[in-house]
Amino acid sequence: MKKQILAICSMLIVISITVALSYFFYSGVNAQIPYAQPTTANVTIMGHVGYLIVNYTPIVFTPIPSGSDNGLQPGTRDNPKVARTDLRPNDKTFVRVSTNSSSNVNWCLYINGTDVNMTLNPIYQYIPINNISFNTSCNGSYSAPWPTKRLSYGMQEVCCGSNKIGPRNFTDIYFYIDIPAGWLNQTYDGALWFYANGTSTPAEDNSTWYGTRGSGAGQGNTSAIVRQYIEFSLGWVPIGFGTMTPGTTSNASVTPAPAGFPSNVTIGRATNIYVDLYVNGTNLVGISGAALTACAGSPAQMNATQITYANTTMGALDIVTAAFYKTLDWSRTGVKEGATTSNCLDTVTGPLNTNWCGNWYKNKGMSINGTVNPSDITSYWNITVPTQVLCGEPTPAGTFKGDISFKIVRAGRLPDVE
Amino acid sequence: MGICLVTIVNAIGLSPLSMDITVEKGKEVEIVRNIQVSNPEESPIRISTRVTGAVADFITIQPDSFELPAGPGIRSTEARPYKWVTVTFKIPREVKQSKYTGEIVFTQQPVLGGTMGVSAELGIGVSLNIGQMALAEFPPYILIMMFVMVVLLVISVGFKRKMV
């Protein structure tokens, strides 16, 4: 028992001494360590950009999953980078460039890249690099509107000078692409690099660059799919058949003066696939004069098959030969039945439809250098005025009105999908 | 008698050129797609839309009529002005067919003033496919666990009876 009391007392004594010594050495009053002298530690911290972190790449401009009919329309500008969360969770509509935690200086950001080449055949066609533009706030250094710049092969300054980015800070860059008119329905991709340094010295090129190059950038970082597109125009002026006598035939080329002759259907420069052309129309209905009331008070009608057309695939000289004219198919609802597809042009690629007739031409307006030679399809129009109108009355005097519709479709496709 | 075939510049551009939509049978679904309609010609145009075929019952188009400003010209490489048209598919729970087809047609309005109107049309083929109804399928480990639980239940019941 005595031993235990002694041991406890010894422990209390040791603890007391320890506390007393601690107080002596570390208290505010007696914190001086005997013989300790003040000293100076000189440490020079180097300016260090750190390394670049590039997030939300690649830069995909195609808004929906790829497919032959999806992608970007040729002949459009400023298609933005899209957030493809179906490809990458949390993807954004911008690219975020930042420096890592070891960065301690303001830094300049530069960028360069390559053309956006057709994936299958890069030599054949590409979207020039300066079709890509970008802008950024340099994380607030620029106040809106932010200047928009275009990419180039050489280094482009993104943020520098008074627009440097702070250490460990970031900037979000927004990208846009212009798709040239007529570019093929293909996938295109290119490369892009980001560079940073701590000085305002302009970067010359890749080989002389002294700084840090962004990770996560490189080949395949810009990607776009161009989708199928068709456009056409009917570039005509009024075609006058003039005043005619029932039972006669008139051709716009001979009677009267050939205003607007011949008529052109033009497949536009931006069209990037083969197309088929169809035509359709209605009967001619009297709208003035005796023709307005010739059929028991109702307007007189002429079968629209009285109108015939020819196109350049037959040759201009053939227009005087009736056999080469192709009769319009008027079997569409509301007009005279009976015309058959056998009346349509015989150089058809796609199947004909009873509602539409024609298929004059097919065109893929694309040359090897990526430019398009628009295709003019010249047409010639002819009319024979019958001696009596559809109600059996003699053809009255007056003006007749009708409608014609033109339609182009992807080659081989039916013009009507019912 | 005067007959005049009147045509002045009509133009239209369009993409995409088809839409294939597949939905699951027995579900009420709403799908939204976009179409770009362009004007390549150097004068403003007015476009109207319509839907043909059986698929028309499921489609609404917004806007169904609109104007486009003048473009750079049909021969130009410059960008064309365009408008986004929203196509909304609303497929009810109950549908009879497994496939509905049709066409979304864009027509440039014929220019008035002549005696023979001429219009330009482009269409997008639409195919709406109604897939099979989804069947519930348990993964194998769930089936094994269920089997083990049944076995244990049988054993415990048998054991209890034996105790009684």
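This passage describes the predicted model of a complex containing chains A and B, its confidence, its cores and selected elements and residues.

Residues are numbered from 1 along each chain as its sequence is written, while chains are lettered from A and ligands numbered from 1 in the order in which they are written. Since the model is predicted, local features require pLDDT of at least 70 and side-chain atom pairs are counted only at pLDDT 80 or more, whereas totals for chains, interfaces and linings use all residues.

The predictor assigns the complex an ipTM of 0.73 and a pTM of 0.68. In terms of pLDDT, the predictor's confidence in each residue on a scale from 0 to 100, chain B has a mean of 83, with 85% of its residues at 70 or more. Within chain B, confidence is lowest in strand E1 (residues 2-5), at a mean of 47, and highest in strand E6 (residues 59-62), at 96. The pLDDT is below 50 over residues 3-8 of chain B, a stretch that nevertheless has 27 contacts in the model beyond near neighbours in sequence, a contact being a pair of residues whose C-beta atoms, placed from the backbone, lie within 7 Å. For chain A the mean pLDDT is 69, and 56% of the residues reach 70 or more. Strand E24 (residues 357-362) of chain A has the lowest confidence in that chain, at a mean of 39, and strand E8 (residues 132-136) of chain A the highest, at 95. Residues 24-34 of chain A have pLDDT below 50 and two contacts beyond near neighbours in sequence, and for residues 204-211 of chain A, where pLDDT stays under 50, the model has 10 contacts beyond four places in sequence. Where pLDDT is low, the predicted coordinates should not be read in detail.

Helices (H or I, at least four residues) and strands (E, at least two) are taken as DSSP runs and numbered from the N terminus. On this basis chain A comprises one helix and 26 strands, and chain B one helix and 10 strands, with the helix of chain B following the strands in the order β-β-β-β-β-β-β-β-β-β-α from the N terminus on. A residue is termed buried if 20 or more other C-beta atoms lie within 10 Å of its own, exposed if 12 or fewer, and partly exposed in between, with C-beta atoms placed from the backbone. Buried residues account for 43% of the 418 residues in chain A and for 35% of the 164 residues in chain B. Of the contacts in chain A with a separation of 6 or more, 73% involve residues 24 or more positions apart; in chain B, 77% of the contacts between residues at least 6 apart in sequence join residues at least 24 apart.

A nonpolar core is defined as a set of buried Ala, Val, Leu, Ile, Met, Phe, Trp, Tyr and Cys residues joined through C-beta atoms within 7 Å. The largest such core has 42 residues, of which Val95(A), Leu109(A), Ile127(A), Phe194(A) and Ala224(A) touch the most other members. Strand E12 (residues 187-197) of chain A contributes the largest share of this core, with six residues. Another core, of 40 residues, lies apart from it and includes Ile230(A), Leu234(A), Ile59(B) and Val126(B).

Strand E2 (residues 10-15) of chain B is largely enclosed by the rest of the structure, because six of its six residues are buried. Asn10(B), Ile12(B) and Leu14(B) point one way from E2(B), and Ala11(B), Gly13(B) and Ser15(B) the other way. Strands are considered paired if DSSP finds at least two bridges between them. E2(B) runs antiparallel to strand E15 (residues 230-234) of chain A, to which it is joined by five bridges, and Glu231(A) stands opposite Gly13(B). Three bridges also join E2(B) to strand E4 (residues 29-38) of chain B, again in an antiparallel arrangement, with Gln36(B) as the bridge partner of Ser15(B). By contrast, helix H1 (residues 140-163) of chain B lies largely in the open, because zero of its 24 residues are buried.

Phe66(B), in strand E7 (residues 65-68) of chain B, is partly exposed, with 14 other C-beta atoms within 10 Å. Leaving aside neighbours within four places in sequence, Phe66(B) is in contact with Ile47(B) and Lys83(B).
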